[in-house]
Amino acid sequence: DEALIHCRQAVGENRCDPEGYVLLGAILQEMGRPGEAVEQLKKALYLDQDFVLAHVQLGNIESRQGRRAQGRRHLSNACALLERRPPGEVVSGSEGLTAARLLEIIRSTPAEGRE
């Protein structure tokens, strides 16, 4: 709850930073509030349609919620974005994961209904 309060404060102070919305989405997801998490992640993508972690998180949430087509679309978008980056580039907000490693994780993680 405390993390949520502080994150909402930070987002309120800088509404144009997509990273804040992605972090807020992750917190809400961990709190078991996937609908609210999706709203925040969509705000991040509105600000930066190429924000890889927003696509990854949305893909995972949508798949878990039974919206497999939307989940696959977001994960496919994330893969396409990662393929265009240098393999050793660290992905923003990923705690040090490189583009190649995150791409490997996405491709190796079975998702319900993902082709």
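## Exercises on a six-helix chain

P34 counts as partly exposed because its relative accessibility is 23% (partly exposed lies between buried, under 20% relative accessible area, and exposed, over 50%, with a 1.4 Å probe and protein chains only). Before we go on, a quick note: this is a predicted model, so local features need pLDDT of at least 70 and side-chain atom pairs count only at pLDDT 80 or more, while totals for chains, interfaces and linings use all residues. Residues are numbered from 1 along each chain as its sequence is written, and side-chain values use heavy atoms, with hydrogens and water left out.

**Exercise 1. Place P34 and find what P34 touches.**

Step one: look in helix α3, which is where P34 is found (helices are DSSP runs of H or I, at least four residues, and strands are runs of E, at least two, numbered from the N terminus).
Step two: skip residues up to four places away in sequence, and P34 touches I61 and Q65 (contact means heavy atoms within 4.5 Å).
Step three: try a distance. P34 and S92 are 58 residues apart along the chain, and their C-alpha atoms are separated by 22 Å.

**Exercise 2. Work out which elements make up the protein chain and how compact the protein chain is.**

Step one: count the elements, and you get six helices and zero strands. From the N terminus on, they read α-α-α-α-α-α.
Step two: check the radius of gyration. For the protein chain it is 14 Å, close to the 13 Å that the globule rule gives for 115 residues, so the chain is as compact as a globular protein of that length (the radius is taken over C-alpha atoms, and the rule is 2.2 Å times the number of residues to the power 0.38).
Step three: get the outline. The C-alpha trace spans about 35 × 30 × 20 Å along its principal axes.
Step four: look at burial and contacts. Buried residues make up 37% of the 115. Take the contacts between residues at least 6 apart in sequence, and 43% of them join residues at least 24 apart.

**Exercise 3. Check the length of α2 and say what covers its buried residues.**

Step one: helix α2 runs over residues 18–30, and its 13 residues should span 18 Å at 1.5 Å a residue; the end C-alpha atoms are 19 Å apart, which agrees (the expected span is 1.5 Å times one less than the number of residues).
Step two: list the buried residues of α2. They are P18, G20, Y21, V22, L24, G25, I27 and L28.
Step three: find the cover, which includes α1 (2–13), α3 (34–47) and α4 (52–64).
Step four: look across from α3, where Q40 sits. Q40 counts as buried because its relative accessibility is 7%. Leaving out residues up to four places away in sequence, Q40 touches Y21, L24, G25 and L28.

**Exercise 4. Find how many residues of α4 are buried and what covers them.**

Step one: check the length. α4 has 13 residues and reaches 19 Å from first C-alpha to last, close to the 18 Å expected at 1.5 Å a residue.
Step two: count the buried ones. You should get 11 of 13, which makes α4 mostly covered. Among them are V52, H55, Q57, I61 and E62.
Step three: name the cover, which includes α2, α3, α5 and α6.
Step four: look past the helix. α4 is followed by G66, which has a positive phi near 90°.

**Exercise 5. Decide whether L82 is buried or exposed, and list what L82 touches.**

Step one: go to helix α5 (residues 68–83), where L82 is found.
Step two: L82 counts as buried because its relative accessibility is 2%.
Step three: apart from residues up to four places away in sequence, L82 touches V52, V91, A99, L102, L103 and I106.
Step four: compare sequence with space. L82 and R101 are 19 residues apart in sequence and 9.6 Å apart in space, C-alpha to C-alpha.

**Exercise 6. Say where E95 lies and whether E95 is buried or exposed.**

Step one: go to the loop between α5 and α6 (99–108), where E95 has its place.
Step two: E95 counts as exposed because its relative accessibility is 84%.
Step three: check the backbone. E95 has a positive phi of about 60° although it is not a glycine.
Step four: carry on to A100, which lies in helix α6. A100 counts as partly exposed because its relative accessibility is 36%.
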